[in-house]
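Hi everyone, thanks for coming. I'd like to walk you through one structure today, so have a look at the screen and we'll take it piece by piece.

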Amino acid sequence: MIYVIGIAGSPRVEGNTEKLVTEALKTAAEEGAQTELIRLANKEIKPCDACLSCRKTGECRIKDDFQEIFEKMIKADGIILASPVYFGSATPQIMALIDRAGYISGARGRVFENKVGGPLVVARRAGQNFTFAQLLFFFLHQGMIVPGSTYWNIAFGREKGEVLEDREGLRTARNFAKKIVWLIKKIKNLE
Ligand SMILES: Cc1cc2nc3c(=O)[nH]c(=O)nc-3n(C[C@H](O)[C@H](O)[C@H](O)COP(=O)(O)O)c2cc1C
């Protein structure tokens, strides 16, 4: 079984980030993966407060929606982190998740090592590449394997659903998902 999760880091339900990641997950499912969309909208993920207790316990002292998502990230073979661009950056919600997941991963002996995945980014006009790089730092820092697609994984859209008009953006997301599942199959010797 191949389990691929897509985390939509927008506070907006059914927005462009969610549409883009859904498109990628649909493709991953067609390729044989079990998939799950995880929305950060309506979830509470507080920022890391640098208490550093996770270094000793391997757990986050802050109890909120983080724990449930982190467990799914640990179980997943493939992780897609998707964010809209907010003032040239990924959203605070997804950065809070990354900060806490990354630190606890270190405390537990690097739980994301050799998982496959990467970022998906959407914006109205500019900042996609910066945000793409920002999210990429997490994957590379954690020893994850990031496949390429037919372009960088970025798309355009402002109002809800507009991203569905960006045909190249959608195609890039689909090809990225296809490559994720292809790579996981190779790694797990499933083909
Ligand atoms: C607070 C805020 C900041 C934004 N900053 C940018 C930006 O820097 N560059 C840009 O092109 N679009 C920016 N946008 C537009 C969003 O990236 C765009 O509407 C995107 O499609 C939202 O994704 P969503 O529908 O998943 O929420 C911003 C939107 C908001 C609400």
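Before I get going, one term. When I say pocket, I mean an open set of grid points with protein on both sides within 12 Å along at least five of seven lines, and a residue lines it if one of its atoms is within 4 Å of a point. Also, please keep in mind that what you see is a predicted model.

Okay, the largest pocket. Its volume is about 350 Å³. How many residues line the largest pocket, and which lie nearest its centre? There are 16 in the lining, and the ones nearest the centre are Arg12, Val85, Tyr86, Gly157 and Arg158. If you sort the lining by class, you get 6 nonpolar, 5 polar and 5 charged residues. Helix α1 and strand β4 each put at least two residues into that lining.

So what takes up the space of the largest pocket? The ligand does.

Let's look at the ligand's surroundings, then. There are 17 residues around the ligand, and Ser10, Asn16, Thr17, Arg125 and Gly157 come nearest. You've heard Gly157 already, as one of the residues nearest the pocket centre. By class, this shell has 7 nonpolar, 6 polar and 4 charged residues. And if you want to find parts of the shell on screen, try α1, residues 16–30, and β4, residues 116–123, since each of them supplies at least two shell residues.

Now some distances, all from backbone N or O atoms to an oxygen atom of the ligand. For Gly157 the distance is 2.7 Å. For Ala126 it is 2.8 Å. For Arg158 it is 3.0 Å. How much of the ligand does the protein bury? Taken alone, the ligand exposes 640 Å², and the protein buries 77% of that.

Let's move on to the cavities. By a cavity I mean a space where a 1.4 Å probe fits but cannot get out. Searching the whole structure turns up 2 cavities of 30 Å³ or more.

The largest cavity has a volume of about 110 Å³. Which residues lie nearest its centre? Look for four cysteines and an arginine: Cys48, Cys51, Cys54, Cys60 and Arg100, out of 14 lining residues. That lining splits into 9 nonpolar, 1 polar and 4 charged residues. The element that gives the most to the lining is α4, with 3 residues.

The second largest cavity has a volume of about 40 Å³. Among the residues lining the second largest cavity are Ser10, Arg12 and Thr17. You've met those names: Ser10 and Thr17 were among the residues that come nearest the ligand, and Arg12 was one of those nearest the centre of the largest pocket. Ala8, Gly15 and Glu18 also belong to the lining of this second cavity, as do Arg39, Leu40 and Ala41. Sorted by class, it's 3 nonpolar, 3 polar and 3 charged.

Last stop, two backbone details. Where does Ala50 lie? You'll find Ala50 in the loop between β2, residues 34–39, and α2, residues 54–57. Ala50 isn't a glycine, yet its phi is positive, at about 55°. Arg110 is another non-glycine residue with a positive phi, this one near 65°. To find Arg110, go to the loop between α4, residues 92–107, and β4.

That's my tour, and I'm happy to take questions.

Methods
Residues are numbered from 1 along each chain as its sequence is written. This is a predicted model: local features need pLDDT of at least 70, side-chain atom pairs count only at pLDDT 80 or more; totals for chains, interfaces and linings use all residues. Side-chain values use heavy atoms; hydrogens and water are left out. A residue is near a molecule or strand if one of its heavy atoms lies within 4 Å of it. A polar contact is a pair of N or O atoms within 3.5 Å; within protein, one must be able to donate a hydrogen and the other to accept it, and residues adjacent in sequence count only if both atoms are side-chain atoms. Accessible areas come from the Shrake-Rupley method with a 1.4 Å probe; for residues, only the protein chains shown count as cover. On a 1 Å grid over the protein atoms alone, a cavity is a set of points where a 1.4 Å probe fits but cannot get out, and a pocket is an open set with protein on both sides within 12 Å along at least five of seven lines; lining residues have an atom within 4 Å of a point. A molecule sits in a cavity or pocket if more than half of its atoms lie within 2 Å of its grid points. Helices (H or I, at least four residues) and strands (E, at least two) are DSSP runs, numbered from the N terminus. Ala, Val, Leu, Ile, Met, Phe, Trp, Tyr, Cys and Pro count as nonpolar, Asp, Glu, Lys and Arg as charged, and the others, Gly among them, as polar. Grid points are joined across faces, edges and corners, and a volume is the space filled by probe spheres set on the points.
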